[in-house]
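Here's a quick tour of a helix pair and the pockets around it. Have the model open and follow along.

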Amino acid sequence: MRRFSQILNKLQKSNGFDIAVIAFFSILAHGLMINWLGFYTDDWTFLWTYSRFGSEGLTTYFSTNRPIWGLFYQLTMPILGIKPITWHLFALLWGMITSLALYGIVRVVWPDKRRFAVLSGALFAIFPGFILQPIAITFGHIYLIYAIFLLSLFCTAKALTADRGYAGWTAFSLLLSAINLLAMEYFYTLEIVRIVLIMIIRMRIHSFRKTMIVILKDWSPYAALF
């Protein structure tokens with residue numbers, strides 16, 4: 001019994017335990033009924049376009065206002081096909097990844113607040129800011145872009161907190177940010193979060209006057225990209 005307690009305590013201290021908790025809440029909130037769900041609203045438009053014009057047709061469909069987003073559909077539609085369950089699993093998976101990306105950001109920015117990070121990821125898994133998750137094809141891809149945006153913020157946080165690799169983390173963050181901005185317009189205004197994130201990290205080290213200069217320097221490549 002003592003041995004089991006030691007193993008359990010060790011497990012609870014690992015990142016794997018945190019991931020399992022967030023995945024559990026994600027499945028509990030959105031995964032229990034997916035076997036009985038079908039296709040809804042815009043998903044039928046995408047399915048018809050795909051069946052009539054092929055995956056390239058979806059790229060053309062989005063080419064006027066969401067050029068990169070159509071490329072994701074061109075990749076995923078042939079792989080996942082037309083069965084509802086596969087798309088609902090796809091949406092569930094990217095919902096988990098999005099929640100874990102938020103968890104990762106909190107862990108990097110506040111490394112001593114692990115419970116807060118797990119709680120943030122779990123609450124985000126339950127309610128990510130919208131209630132249309134059953135529209136699996138559409139919102140599975142929205143989750144994908146959401147995850148890319150949050151991973152961009154994660155890379156920004158790593159660039160500012162890691163002992164080395166500032167240029168590499170920043171370059172990868174800019175790449176992910178560019179994909180988000182070119183894919184769709186839903187998360188444009190959330191770019192404001194990035195400068196707040198930079199402020200939180202930088203103001204721990206520098207005086208206010210010096211911090212503002214450093215913040216503007218850190219944020220300038222993202223502002224130029226935007």
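Let's begin at the second largest pocket of this predicted model. Both α2 (15-30) and α6 supply at least two residues each to its lining, and α6 gives the most, with four residues. The pocket holds about 200 Å³ of space. It is lined by 15 residues, and those closest to its centre are H30, I34, L37, Q133 and P134. By type, the lining splits into ten nonpolar residues, five polar ones and no charged ones.

Now for the largest pocket, which has about 250 Å³ of space. Here 14 residues make up the lining, with L102, I105, L150, L153 and V193 closest to the centre. Two or more lining residues come from each of α6, α8 and α10 (192-202). As for chemistry, the lining counts 14 nonpolar residues, with no polar and no charged ones.

Here are the two pockets side by side.

| Pocket | Space | Lining residues |
|---|---|---|
| Largest pocket | about 250 Å³ | 14 residues |
| Second largest pocket | about 200 Å³ | 15 residues |

Next, the helix pair. How do the axes of α6 and α8 cross? Helix α6 (residues 84-109) and helix α8 (residues 136-161) have axes that come within 8 Å and cross at roughly 20°. Angles under 35 degrees count as roughly parallel, and α6 and α8 are therefore roughly parallel to each other. Their crossing is left-handed. In the contact of α6 with α8, the residues divide into 21 nonpolar, seven polar and one charged.

How values were computed. Residues are numbered from 1 along each chain as its sequence is written. This is a predicted model: local features need pLDDT of at least 70, side-chain atom pairs count only at pLDDT 80 or more; totals for chains, interfaces and linings use all residues. Side-chain values use heavy atoms; hydrogens and water are left out. Axes are lines fitted to C-alpha atoms, for helices over the stretch in contact, and angles run from 0 to 180 degrees between N-to-C directions. Angles under 35 degrees count as roughly parallel, over 145 as roughly antiparallel, 65 to 115 as roughly perpendicular and the rest as oblique. A crossing is left-handed if the near helix is turned anticlockwise from the far one by less than a right angle, and right-handed if clockwise. Ala, Val, Leu, Ile, Met, Phe, Trp, Tyr, Cys and Pro count as nonpolar, Asp, Glu, Lys and Arg as charged, and the others, Gly among them, as polar. On a 1 Å grid over the protein atoms alone, a cavity is a set of points where a 1.4 Å probe fits but cannot get out, and a pocket is an open set with protein on both sides within 12 Å along at least five of seven lines; lining residues have an atom within 4 Å of a point. Grid points are joined across faces, edges and corners, and a volume is the space filled by probe spheres set on the points.
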